[in-house]
Amino acid sequence: MTTIQPTLGVCYYPEHWPQEMWTDDARRMVETGITHVRIAEFAWSRMEPARDQFDFEWLDEAIETLGQAGLKITMCTPTATPPKWLVDEMPDMVALDGEGHPRGFGSRRHYCFSHLGYRRECARITEILAKRYGGNPHVVAWQTDNEYGCHDTTISYSNAARDGFRNWLAQKYQSPDALNRAWGNIFWSMEVSDFSQIELPNLTVTEANPAHRLDFRRYTSDQVVAFNKNQTDILRKYTKGRDIVHNFMGRYLDFDHHDVSQDLDVASWDSYPLGFLEQFGKDNPWKAHYLRAGDPDFQAFHHDLYRGCKSRWWVMEQQPGPVNWAPWNPAPYEGMVRLWSHEAFAHGAEIVSYFRWRQPPFAQEQFHTALNRPDNSPDIALSEAAQVAHELAGLPQATTEQAKVALIFDYPSIWATEIQPQGADYDGFNRIFEVYRLLRILGLSIDVIPPSASLEGYKVIIAPHLIFISEDFVTRAKASGASLLFGPRSGSRTLDHQIPPNLPPGNLQNLLNVKVLRAESLRPRSMITLDHHRDKMQLWFEHLETGDTVEIIRTTNDDRPAITRTGKATYLAGWPFSETLKRTIQAILKYEGIETVSTGSDLRIRDRGNLRTIVNYGPKPRDASGLISEGDEILVGSREIGIAGVTIVRRNTV
Amino acid sequence: MTTIQPTLGVCYYPEHWPQEMWTDDARRMVETGITHVRIAEFAWSRMEPARDQFDFEWLDEAIETLGQAGLKITMCTPTATPPKWLVDEMPDMVALDGEGHPRGFGSRRHYCFSHLGYRRECARITEILAKRYGGNPHVVAWQTDNEYGCHDTTISYSNAARDGFRNWLAQKYQSPDALNRAWGNIFWSMEVSDFSQIELPNLTVTEANPAHRLDFRRYTSDQVVAFNKNQTDILRKYTKGRDIVHNFMGRYLDFDHHDVSQDLDVASWDSYPLGFLEQFGKDNPWKAHYLRAGDPDFQAFHHDLYRGCKSRWWVMEQQPGPVNWAPWNPAPYEGMVRLWSHEAFAHGAEIVSYFRWRQPPFAQEQFHTALNRPDNSPDIALSEAAQVAHELAGLPQATTEQAKVALIFDYPSIWATEIQPQGADYDGFNRIFEVYRLLRILGLSIDVIPPSASLEGYKVIIAPHLIFISEDFVTRAKASGASLLFGPRSGSRTLDHQIPPNLPPGNLQNLLNVKVLRAESLRPRSMITLDHHRDKMQLWFEHLETGDTVEIIRTTNDDRPAITRTGKATYLAGWPFSETLKRTIQAILKYEGIETVSTGSDLRIRDRGNLRTIVNYGPKPRDASGLISEGDEILVGSREIGIAGVTIVRRNTV
Amino acid sequence: MTTIQPTLGVCYYPEHWPQEMWTDDARRMVETGITHVRIAEFAWSRMEPARDQFDFEWLDEAIETLGQAGLKITMCTPTATPPKWLVDEMPDMVALDGEGHPRGFGSRRHYCFSHLGYRRECARITEILAKRYGGNPHVVAWQTDNEYGCHDTTISYSNAARDGFRNWLAQKYQSPDALNRAWGNIFWSMEVSDFSQIELPNLTVTEANPAHRLDFRRYTSDQVVAFNKNQTDILRKYTKGRDIVHNFMGRYLDFDHHDVSQDLDVASWDSYPLGFLEQFGKDNPWKAHYLRAGDPDFQAFHHDLYRGCKSRWWVMEQQPGPVNWAPWNPAPYEGMVRLWSHEAFAHGAEIVSYFRWRQPPFAQEQFHTALNRPDNSPDIALSEAAQVAHELAGLPQATTEQAKVALIFDYPSIWATEIQPQGADYDGFNRIFEVYRLLRILGLSIDVIPPSASLEGYKVIIAPHLIFISEDFVTRAKASGASLLFGPRSGSRTLDHQIPPNLPPGNLQNLLNVKVLRAESLRPRSMITLDHHRDKMQLWFEHLETGDTVEIIRTTNDDRPAITRTGKATYLAGWPFSETLKRTIQAILKYEGIETVSTGSDLRIRDRGNLRTIVNYGPKPRDASGLISEGDEILVGSREIGIAGVTIVRRNTV
């Protein structure tokens, strides 16, 4: 990865404000240290108030005003908010929910990814914009649409989706018989004799065939890819030398972000730590503890996940204060916006862009704070942004290097267990995130990568939740020479969502020499005790047949294999309790000679080259001496890290 | 307010019973001490079994029988139960729920308030009834429909509602551009170029514009007003000298009862203490404690709320025993029906009318008890009613006077936080009710009034939840000379549901000299400690900028203003814990020289003139000596108040 | 009842596997000790891939292969899985759910019981199969369809259901006026003047008339009866001498299984103890305690319930290991499949048939284990089945005799309280099951019978939940000479779902001489203490008027009758706490001289003739000495019963 000079951005909606304010806005952005500004995201109804009646004067003027002030512009395609006249022309362009209700006009994202008519409209407006502004010297990047899938909009049960799905299946299977065999349709006389007999898998009497559902999820994800590519193909043609970017979300799993990223130059995401804590935090005490800071690993995980999508990445929208969309919306600690910014840079972000310049007094997000208040007085985050800009200027350049530890993240594997969890609380994302948190508390830098990524150069590769495992993956994993750790259910399904003919873990048997004879899921608080009495398994347990070459390193207290090792590959026959998982991983790290620290519950670190960034997510000041070595030079902050504090050191030992 | 002679009523359905029973029923009503009887509420299918085929003989006979016995009759328009032939003629007259399902025939209230065709049918049947019985000497009052909104029937997403809403908006905004500006439709390209482009705010992808939703709520409330006025206009024409009344419900907020009351002579409500406790009681221990009595403040609050709608008011339906519609339906204590009756009179009710004369053996409410059982044997409540009648005869007349303390109740403010609570548990009604309970435990009489009511003569005016505040209100509040107390979020929105240009509290800044820079909501059990360590804030907190004239009377423990006072106006920058709220209010009452008592948790008092009514809602006998002064004359009951006990004293000191 | 020689079966789907495997499969079935095999259940799309294009070669071959190996075959009609081409021909054949959504193709049971066109199709395919295989010497039984009602498919709101319901009502009531009177439609002007005005009782504004809803439930149940009879009539014609059977489910209440059983030769049910525990277990600690065994009474109860439907009965599908359909799916203890099998035989099963021969690697149930794994290796249950077969061979024949205690089970009474529970947690099934469990812990054998069954020969008859009581039942109950025990709400409704003219318990007043003046429901943890301080009532309490002949054997602590006795008939005026219920029942048993034991919480016994089967459902070994008398001969197992242990003794004392 390359060395980059990080900088700040902001999201701006000139169309929301009187033109008289624009010049001063631009001046104050520059004054704050902001270099990039994203505009025009939702402005279709102002660009084209009626069919083929365009008004770009205001946008020309806005670009000129911002550009003249020295700002670099990210232009957006406005396709997340098709205007009313367009929806009225094509009422069937909206998605249908699982119950068949049209998801209508009145907010945003009221379109179906499968609708080809709408795709043509997106191409039309994109081309008009790209032609007009593609060569504009102030415009340095283009964002496609906004937050694909937000408000559960990826999956649609429209006629457009149904027709598209049938074509996609015809292409994939070539004959109904091939599909019948792949899906096992004989099971309940579900056989079809023509692709036109395939229905969408909603509103069935009981669950539809999981193979049917998985293919529909794949199809759906492919439509997001195609929808995005429809725009990037046009942008590439007219906007030479500009970056193409899309802004992803947190813990959003309904399409394959690795696939979409193929057509981008830069991945980005919208980071709202307090909102995410409320939505996804593990329990109420946890949410109360991190109320004003956010989950200490959630942001870092997504930084690493999206860096794994595309080595160049930004935070496109950074939470600046209380937001409007979580069940409860507290204020972050003072300083927290600065902390989140530094943390993103520590993970390799090129740009951290705040959402947004000024809080609107109207419409859906009027409770969402910004860098400035609705009355244009500066809000707290504005001064924090200025401080970050100032501090960035004083820091040396640093390079994000390949980590020693890789964590495998595979969207289809997560879909598979959403479709058939088999245990009601078995969640693929959580399995991966739990390992991530554990590694991070040990102070490690982690690469989160898809199974298709190069495995070379890693010392440890962990696949906590990898349902689909190809022979190729097994070959590359073996060739990497790394220590390998696989979670339960690994390789448990073929690509057709069948049980492998040799039983799970399928292609992994070659590597692990174990066979899963039976799997069971366990209700919360029902657990399996291991030989070492503090060790336990929960959630899931598999009854293994083990080959001669297998070392059984943990058994249950009734003597079944619980954790096995075969060469450098370790297999978890169930999901371990946190402490058991930690001991297992620590043994592997020790074997590979990877040094760890203990950050404690509230501090976290991230190293880039010889720069170490230490942050405090907790509600109390903390002493970070244990994370700073003799001879390290403190560039920002101090050993005692206050609430929302950041300490950056140049390490002597690296 | 005028002195009235309270009396008893009953709800009666002659059409449910053989005509042979009517004479004896009437005789026994009179014998019990009942003077008023409500009839014909749901009897459309008997009045008009088929289009234009009328049968009024039975009703003529019923009226004659009751009237001859000396009973005064409240006639009802039967419009809550349109018959099947009418629905079949106009299938689109039914409401649609939020998912678009027609809410069909088979129970009651199967109509949409916006449907003009049904409104014409209501006018037709009302006119026929009014012409026939308007001058009947036995008929002294008319009830329109029944329980507007019951079973969530106020809000409808029908085509009739959509068309009506478009017209209402056209009338209000005159141009699409004005609407676009008021709503801030530019936000997500939601702009319209014609009123016919406005859709109803349901089934949108994510929440519709809050201004859109608020206008729809206002429109919807206006339709209830118009629906009611459609009938009262006709009744006024044909029923000179008779009272027009409608029976409201408990904790029902979907239309503005102050507006509907403009067209009535008398407000009334249906009081079901045990059912309401099950539905709305604050938690399970509370529900268990008051299982057989009901919440000790819920009835009183509604008595005062509806007295604030119309100074003349009745209880139209009084719970007589176990009901059928709550999750659990226990029996009240013996004596409890008597207690509820006396309490209503203490708050100024003219009539307490029991629901109903005899329990029906059939249909939806067969589990709902009455004054008589289905086999015509007398149930417990009949003797309690007789006792009340006897006691009323022995009590002196008393006048309901203006209270010293006013509590502001504003329906649109409650809608605003239903639409954008910002904190999931922020409920406007509960904010007001919590203050009411606190004042009532201090023994005070309270007027619950709309912000448009006269504020003159009050010593203390409290607005716990007043989102919309006009300049006029501020002027009148100041002019009243009263001590004022405002809850958080006061004045936080303009009438267009925008943040005020000068930030919240908007027009109140003039009075309070504070500005809200930031607001945050807090999850349950996350709280903010104040300087005085027992004081805390919860749910909501605002970061204030305070002017020179502002006295900061409480701060947070990190020194932010928490409670401020400016002249005689106090502002709460967050929602206080119960004890903190109590201390704040007590200080204001003390300042105004208003004496308080402490009723304890189970006793409650209400004074009218020099009559004090003391009731015991608790599960144990209580000594009420602390609430009775030397020289007070006990007219009913005794100092020791038993379970469900009532003590009425003539006070020496007033 | 007759003495039968119990044996084992298995469910097999030859169409899921290559024909090459069939011969070996059959050989290994026989080797295991299996004698019966059920086939062709879901195979319509293979029998008739397109309209009138039949392919029976594979089925001929499968039958021949299995038959030649010595296996007896149960053939199925494949009507639970109509193929896609048929649904496409008749799209309106699918059921509509309560919100009006079609329940579409893509899984199974996508049909409406009321659809006459589909019924004709079922007759067509049944006749084709019956003609072809009715006389086949290997085919000894026929199963109709599969699990009527599974996935909530009994109740449908389709047009077919609506039309059928109108005809059914016309037949029942003959005139709209009769229906209006029976339902009490005057109540809310719900009167109709033509049967075509009757709508289905879904999507009404609030609950539809309970009489309307109850008739719809009766109608719906009748359609299941008619649907089944449509097939059995054909099967009787072509399959002389063969048994006709249907496989019922656990705790499924939406149709009257007694009625359906009239047209069967054998009742059967599908027993999945661990899945049922997860779905229906009483609370989380209970589910954790019996995690790997299932509820210790649930299976036994259903064995007795279905034996009460038809004296000949089978377990058609026996859980063999983890299943796929419960929220969590743990593995049973080793030995548990054997235990469940022996327990079924102890209750009189002729056949216990395992589901299924081999776990499919594809489609919806790929996580559902079987006797063999997907790779054809034997799973644990296969050896347990072999052990059962071996043990059966060594046991003497035993006869199931009439029990001394009868428990009345009435489907319509359960519907009535589903429709109007009046207390949210009042569940008719649970009331009966709670008494069953209590009797079983006392070691008793129980007959679970409909109220229409003969009551002769019983010493004790208990009706915990019998809403509808005919005069005939009262007469027969009296004539039986048995001690009688009635739960609250007994006889509380007429067949028209009205309160009886003489008040509840209606026809029972004749027997009990009590009258219910008032009934109340109680929220959880609100209870009524009785005179004996350890005795309490919960859930429900009735205020009784008692006649002279009534002995009040328990009162509340405020002196109301709580339990009464009149002659040999005891009445519970509320639902007693477990210990109170136990004391009441024990007194009756003692009076009748019925000996009891105490099995403790985890052991259970069941006697057939002189054979006693003792099973251990608990997580620890148990000493069963207290359940084995001196001189009893232990045939299987030992006094110390291990986890999942079974001990069978020949009793000396019987």
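**How chain C meets its neighbours**

Let me begin at the boundary of chain C and chain B, where the rule finds six salt bridges. Please keep in mind throughout that what we are looking at is a predicted model. One of the pairs at this boundary can be named, for C:E520 makes a salt bridge with B:R292, and the closest N and O atoms of the two are 2.6 Å apart. If we widen the view from salt bridges to polar contacts, chain C and chain B have 29 residue pairs in polar contact, counting pairs in which both residues are at pLDDT 80 or more.

Which strands of chain C each supply at least two residues of the side that touches chain B? They are β13, which covers 514–521, and β15, which covers 536–546. The largest share of that side, six residues, comes from β13(C). Sorted by class, the residues on this side of chain C divide into 19 nonpolar, 14 polar and twelve charged.

How many residues take part on each side of this boundary? Chain C brings 45 residues into contact with 60 residues of chain B. Size may also be put as an area, since the size of an interface is often given as the accessible area lost when the parts come together. By that reckoning, chain C and chain B bury about 4500 Å² between them, and 54% of this lies on carbon and sulfur atoms.

Now let us turn to the other neighbour, chain A. Here 60 residues of chain C are in contact with 45 residues of chain A. The area that chain C and chain A bury between them is about 4500 Å², with 54% of it on carbon and sulfur atoms. Which three residues supply more of the area that chain C buries against chain A than any other three? They are C:W328, C:Q364 and C:F367, which together supply 18% of that area.

Between chain C and chain A the count is six salt bridges, and one of them joins C:R292 to A:E520, with 2.6 Å between the closest N and O atoms. Across this interface the rule also finds 30 residue pairs in polar contact, again with both residues at pLDDT 80 or more. On the side of chain C that touches chain A, at least two residues each are supplied by the helices α2 (44–47), α4 (84–89) and α11 (284–289). By class, this side of chain C has 25 nonpolar, 18 polar and 17 charged residues.

Having looked at both boundaries, we can ask how the copies are arranged. As a general point, two copies of a chain are related by a rotation about an axis and a shift along it. In our model, a turn of 120° with a shift of 0.0 Å along the axis lays chain C on chain A, and the RMSD is 0.0 Å. That is the relation of a three-fold axis. The C-alpha of chain C nearest the axis belongs to C:E99, and it lies 5.6 Å from the axis. Chain C can be superposed on chain B too, by a rotation of 120° with 0.0 Å of shift along its axis, at an RMSD of 0.0 Å.

Why do we say that the copies meet through different surfaces? The reason is that only 2% of the interface residues of chain C are also interface residues in chain A. The pair of chain C and chain B gives a matching argument, because only 2% of the interface residues of chain C are also interface residues in chain B, and so these copies too meet through different surfaces.

To finish, let us step inside a single chain. Chain A is divided into domain 1 (160–212), domain 2 (405–591) and domain 3 (603–650). The C-alpha centres of domain 1 and domain 2 of chain A lie 31 Å apart, and the contact takes seven residues from domain 1 and five residues from domain 2. About 460 Å² is buried between these two domains of chain A, of which carbon and sulfur atoms give 41%. On the domain 1 side, A:A182, A:E207 and A:P210 lose the most area to domain 2, together 72% of what that side buries.

How many salt bridges are counted between domain 1 and domain 2 of chain A? The count is zero salt bridges, while two residue pairs are in polar contact, both residues being at pLDDT 80 or more. The elements that give two or more residues to the domain 1 side of this contact are α7 (176–183) and α8 (210–238) of chain A. The residues of that side divide into four nonpolar, one polar and two charged.

Key: Residues numbered from 1 in each chain as written. Chains lettered and ligands numbered in written order. Predicted model: local features only at pLDDT ≥ 70, side-chain atom pairs only at ≥ 80, totals over all residues. Heavy atoms only, no water. Least-squares fit on C-alpha atoms with pLDDT ≥ 70 in both. Contact = heavy atoms within 4.5 Å. Buried area = accessible area lost by both parts, 1.4 Å probe. Salt bridge = Lys/Arg side-chain N within 4 Å of Asp/Glu carboxyl O. Polar contact = N/O pair within 3.5 Å; in protein donor to acceptor, adjacent residues only side chain to side chain. Helix = DSSP H or I, 4+ residues; strand = E, 2+ residues; numbered from the N terminus. Nonpolar A, V, L, I, M, F, W, Y, C, P; charged D, E, K, R; others polar. Domains from an automatic or database assignment.
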